[in-house]
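Welcome! Here are some short exercises to work through with the structure open beside you. Try each task before you read its solution.

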Amino acid sequence: MLYPLQIQAGGVAVGITPRYAPLSHSTAETEHLMFTPSTTGPFWPDNTRLVISISMQFEAGGQPPKGTDSPFPPVDFPDSVPSDPATNTWFAYGYREGIPRMLDLWDRHEVKVTSHMIGEAARKHPELAREIVARGHEAAAHGPQWRSQYAMSREEEEHFIADGTRMVEEITGQRPSGYNANWLRRGPHTLSLLQKLGYSYHIDDLSRDEPFIEQVNGMDFVVVPYTLRNNDILLVEGRNYSPDMFLAQVKRDFDELYREADARRRMMSISAHDRISGSPQMVSVWDEFIRYAKSRPGVSFMRKDEIARFALQSPLTLRESETI
């Protein structure tokens with residue numbers, strides 16, 4: 001198998017040669033992988049082999065009163081009907097049950113995650129937003145409301161991003177350094193505005209299984225890639241996966257990335273939405289997956305701001321010549 005070159009910060013290419021024999025994807029063989037520190041690393045801090053990056057979306061309460069994506073059939077409500085109670089109860093599960101249940105799960109496993117907070121969700125439920133940060137998790141920005149920004153003018157989008165930033169910072173005391181647009185749909189001005197407003201990374205990119213650096217206005221900007229293939233809203237809600245199907249898929253993804261991580265930097269991204277992964281059946285799946293991953297030597301869970309800081313200072317971080 002051929003691997004691309006890792007590009008150092010100074011532009012020097014470092015060749016990577018795999019140091020393992022090809023393995024099958026069977027669970028039995030994966031369980032007997034031996035962890036050997038890479039001689040071309042360190043790919044990650046503290047001799048870590050594979051990093052897992054969890055996104056916990058805090059969106060419940062930030063949605064409009066009607067017309068929002070949900071599991072229910074779409075309805076064109078007349079102006080005389082101000083809200084969609086069925087959909088809003090589905091969202092409410094996220095702040096009433098989902099996030100509290102997930103916070104206890106992360107605590108049990110001593111795992112820290114990045115919580116992408118819609119500003120209105122944090123404003124309506126400030127105690128929960130503050131509790132997320134108090135337990136050691138990152139507060140990242142996800143816009144002030146659940147709405148798209150890709151077609152906004154530059155001035156309108158700057159106010160939109162700044163408003164969401166301010167709301168999260170005022171409520172949690174933590175200024176966001178990372179950003180996630182609604183459904184990853186950023187516009188032509190988004191990256192330069194994020195850089196202008198003091199952000200150091202974004203996640204609206206699916207193009208790699210490791211963090212990388214791209215140029216925005218001639219300056220470094222980190223991408224900590226997101227995921228659709230390990231995403232509960234796409235698989236469980238969008239494709240009606242059962243919890244067991246979701247678990248099987250993320251285990252397979254983990255096994256292959258763990259195998260590849262002997263020879264190059266690898267990161268597994270996985271997403272948990274408040275009203276979906278916070279259900280009892282999905283929390284049990286997350287519990288089983290975390291136990292499975294932590295049973296392998298050299299696996300670490302990192303917040304995205306930590307990943308971005310490490311990527312910026314590491315000479316092995318990929319530097320892309322194009323900015324998509």
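**Exercise 1. How many of the 5 residues of strand E8 are buried, and which strands pair with E8?**

Step 1. Strand E8 covers residues 212-216 and is mostly covered, with 4 of its 5 residues buried. Buried means under 20% relative accessible area, exposed means over 50%, and partly exposed lies in between (1.4 Å probe, protein chains only). Helices (H or I, at least four residues) and strands (E, at least two) are DSSP runs, numbered from the N terminus.

A word on the model before going on: it is predicted, so local features need pLDDT of at least 70 and side-chain atom pairs count only at pLDDT 80 or more, while totals for chains, interfaces and linings use all residues. Residues are numbered from 1 along each chain as its sequence is written, and side-chain values use heavy atoms, with hydrogens and water left out.

Step 2. Look for partners. Two strands pair if DSSP finds at least two bridges between them. E8 is joined by 5 bridges to strand E9 (residues 219-223), and the two run antiparallel. Ile 213 has Val 222 as its bridge partner in E9.

Step 3. Follow the chain from E8 into E9. The two strands form a hairpin with 2 residues between them, and Asn 217 in the turn has a positive phi of about 55 degrees.

Step 4. Now find strand E12 (residues 318-319), which pairs with E8 in the parallel sense over 2 bridges. Here Phe 212 stands opposite Leu 318.

**Exercise 2. Is strand E3 enclosed by the rest of the structure or not, and why?**

Step 1. Count the buried residues. In E3 (residues 50-58), 9 of the 9 residues are buried, so the strand is largely enclosed by the rest of the structure.

Step 2. Check the faces. In a regular strand, side chains alternate between the two faces of the sheet. On one side of E3 are Leu 50, Ile 52, Ile 54, Met 56 and Phe 58, and on the other Val 51, Ser 53, Ser 55 and Gln 57; both faces are covered.

Step 3. List the strands that pair with E3:

- Strand E11 (residues 299-301) runs parallel to E3 and is joined to it by 3 bridges; Leu 50 stands opposite Val 299.
- Strand E10 (residues 267-273) runs parallel to E3, with 7 bridges joining them; Gln 57 stands opposite His 273.
- Strand E4 (residues 114-117) runs parallel to E3 over 4 bridges; Ser 55 stands opposite Thr 114.

Step 4. Trace the route from E3 to E4. The chain crosses through helix H2 (residues 85-109), and this β-α-β crossover is right-handed. That term means that, with the strands pointing away from the viewer, the path from the first strand over the helix to the second runs clockwise.

**Exercise 3. At what angle do helices H2 and H9 pack, and at what angle do H2 and H4 pack?**

Step 1. Two packed helices are described by the angle between their axes and the distance between the axes. Axes are lines fitted to C-alpha atoms, for helices over the stretch in contact, and angles run from 0 to 180 degrees between N-to-C directions.

Step 2. H2 and H9 (residues 280-294) pack at an angle of about 20 degrees, with their axes 11 Å apart. That makes H2 roughly parallel to H9, since angles under 35 degrees count as roughly parallel, over 145 as roughly antiparallel, 65 to 115 as roughly perpendicular and the rest as oblique.

Step 3. H2 and H4 (residues 126-134) pack at an angle of about 10 degrees, with their axes 11 Å apart. These two helices are therefore roughly parallel to each other. Their contact (heavy atoms within 4.5 Å) is made by Tyr 95, Ile 99, Pro 100 and Leu 103 of H2 and by Leu 128, Glu 131 and Ile 132 of H4.

**Exercise 4. Are Pro 71 and Asn 182 buried or partly exposed?**

Step 1. Pro 71 is in the loop between E3 and H2. Its relative accessibility is 44%, so Pro 71 counts as partly exposed.

Step 2. Leaving aside neighbours within four places in sequence, Pro 71 is in contact with Trp 90 and Glu 237.

Step 3. Asn 182 is in the loop between strand E6 (178-179) and helix H6 (190-196). With 12% relative accessibility, Asn 182 counts as buried.
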